[in-house]
Every structure is written in C-alpha cells, then in structure tokens.
Amino acid sequence: MVEVTGSTQDDLAAGIERKTVKHGDVLVTEFQSAGRGRLDRSFEAPKNSALLFSLYIEPKCEKSEWTFIPLLAGLATSLALTKLNPEISVELKWPNDLQIQEKKVGGIIAQLAGDGLILGIGLNVGMTSEELPVESATSLNIEGFSELDRNLLLLSILDSCEELLGRWEDGEDLRHLYRERSSTLGKKVGVELPDGNTRAGIAEDISPNGELILDDGQRITVGDIVHLR
Ligand code: BTN
C-alpha cells in the first residue's frame, strides 16, 4: 500500500524490472496523480474515493491465451460485487468496463510485464455526483451499494480473481458467465479501432481469446465500443 503515487501500474512495472515483484503481488493506493486507463486514456479519482490497485500475475497457460485475462478480471470483479450486493447488477461493457445501468463504475487495464501481466483495477466507490469525472460515470455510493469499505471490496475482488483464474487455467470455459453479465452482447455497436477506423454491427459473441465477434463475422481485438441500441 502506498498513500499517493503516480500510477500503481508503473510502480509494479518498475518493481518487476528490479525483480522485487512476484506472482500475486498487489499494490493499492489512495490517490494517483497519473492514473492510466485503456487506450492511453487517464483515470482520475479524488483521494480516498476509489479502490485503485494493480495485481501482477504469471499465468500458467500459453501466452497466446492471455488475451482473455483482461475480460476474466472484469468478470471476477463483477462476480465479487454481485456476491456482496446481489440486488445490484454490475455489467460488463466489452472488454471489461464495469457498468451499473449503462454508467461506468470501474475500469480495468492490462499490460504485459516481465513473465506475466499487470492487471490494474479502478473502482469508483465513495464518489459523490459532484466528484464524478464524467457524466457517464457512477460510483457504488451513488448506486446505493451496500458495501463501501474499500479494504473489504479489495479482498473480495482478489479472492474472486484467484478463483476464476484457477478455474480458467484448469481449462474451464468461463464465457457463459461473462455472457450473462455482458451489457454489449445483443446490442448494435460502433467500434473505434486504435488506427482511427471504425466498424459497426451487432455484437454477437465473445471468442475464447476474448475478441468481440460481430454479426458479420468481424472479430474486434482492441477498440472502443459505443452501444448504439
Ligand atoms: C479504464 O477504465 O480505461 C481502465 C482504468 C484502470 C485504472 C486502474 S487504477 C489502478 C491502476 N493504476 C493505473 O494507473 N490504472 C489502473
């Protein structure tokens, strides 16, 4: 745990370089001055208002299969939150944005490092409406979530990550659990690709590698999704 830092992702990456970080290590902070999101975006949260942590894992399977792990982290977080408060449905916008009623409550970033990958999770916990970074965001507090203790949330999410990762490494196809919680599948979506090109279609399924499959067969590996209906 560090009180304040630039980014827990960068801190773990530096530790991996120095060989002081090992499989399963977690770094949590109260505030990040340079928090990073997917697709080179920033991730900001007022001090003490969000659960911000990074976890380093060295998966036991082939590297070519790791592309499903960012989705797995989203699924594990959604399942952990559902266990704590079953009445509130925390859905997954592909690949791993956490949403409550189409509003973003958290996000996940994954980066390769050392012999594994660093998963960074940011969850808006205590934020008030005035503190939200954008109008399309929400927090557990605003949604009336029953558990706002960030230590407890952290433990639940880590337990869930460990359990799901183990099951997945043992060969279990967990896509049915992901599909049940997806807010993207079945919707017409617009996709902005990293090269600036766009795609559109109905989001039909998730491949074993975590790609989003559109109704015309296109497979989206990386991109930003807009739900059109
Ligand atoms: C996203 O929504 O695009 C992903 C956000 C990920 C934010 C978390 S907060 C802890 C970790 N450290 C970072 O700099 N980013 C991740």
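## Ligand site

The ligand sits in the largest pocket of this structure, which is a predicted model. Around the ligand there are 20 residues, and of these Ser7, Gln32, Arg36, Arg38 and Lys104 come nearest. Sorted by class, the shell around the ligand consists of ten polar, six nonpolar and four charged residues.

Several secondary-structure elements contribute to this shell, and at least two residues each are supplied by helix H1 (8-17), strand S3 (50-57), strand S6 (103-113) and strand S7 (116-124). The element that gives the most to the shell around the ligand is S6, with four residues.

## Polar contacts and burial

Two side chains place an N or O atom opposite nitrogen atoms of the ligand: for Gln32 the distance to a ligand nitrogen is 2.8 Å, and for Thr8 the distance to a ligand nitrogen is 3.0 Å. Arg38 takes part through its backbone, where an N or O atom lies 2.6 Å from an oxygen atom of the ligand. The ligand exposes 410 Å² when taken alone, and the protein buries 98% of that area.

Gln32 and Arg38 therefore appear in two descriptions of the site, since both are listed among the residues that come nearest to the ligand, while the side chain of Gln32 and the backbone of Arg38 also supply the N or O atoms given above.

## An open antiparallel sheet

Elsewhere in the model, five strands form an open sheet, arranged in the order S11-S10-S9-S8-S12 with antiparallel pairing. Its edges are strand S11 (219-220) and strand S12 (224-227), each of which pairs on one side only.

Within this sheet, strand S8 (residues 188-192) and strand S9 (residues 198-206) pair in the antiparallel sense over five bridges. Where these strands face each other, Val191 stands opposite Arg199 in S9.

## Backbone features in two loops

Most residues other than glycine have a negative phi, and most peptide bonds are trans. Two places in the backbone of this model can be read against that background.

The peptide bond that joins Trp94 and Pro95 is cis, with omega about 0°, and Pro95 has its place in the loop between strand S4 (91-93) and strand S5 (97-100). Lys19, although it is not a glycine, has a positive phi of about 65°, and this lysine lies in the loop between H1 and strand S2 (26-32). Helix H1, which precedes that loop, is also one of the elements that supply at least two residues of the shell around the ligand.

How values were computed. Residues are numbered from 1 along each chain as its sequence is written. This is a predicted model: local features need pLDDT of at least 70, side-chain atom pairs count only at pLDDT 80 or more; totals for chains, interfaces and linings use all residues. Side-chain values use heavy atoms; hydrogens and water are left out. A residue is near a molecule or strand if one of its heavy atoms lies within 4 Å of it. A polar contact is a pair of N or O atoms within 3.5 Å; within protein, one must be able to donate a hydrogen and the other to accept it, and residues adjacent in sequence count only if both atoms are side-chain atoms. Accessible areas come from the Shrake-Rupley method with a 1.4 Å probe; for residues, only the protein chains shown count as cover. On a 1 Å grid over the protein atoms alone, a cavity is a set of points where a 1.4 Å probe fits but cannot get out, and a pocket is an open set with protein on both sides within 12 Å along at least five of seven lines; lining residues have an atom within 4 Å of a point. A molecule sits in a cavity or pocket if more than half of its atoms lie within 2 Å of its grid points. Ala, Val, Leu, Ile, Met, Phe, Trp, Tyr, Cys and Pro count as nonpolar, Asp, Glu, Lys and Arg as charged, and the others, Gly among them, as polar. Two strands pair if DSSP finds at least two bridges between them.
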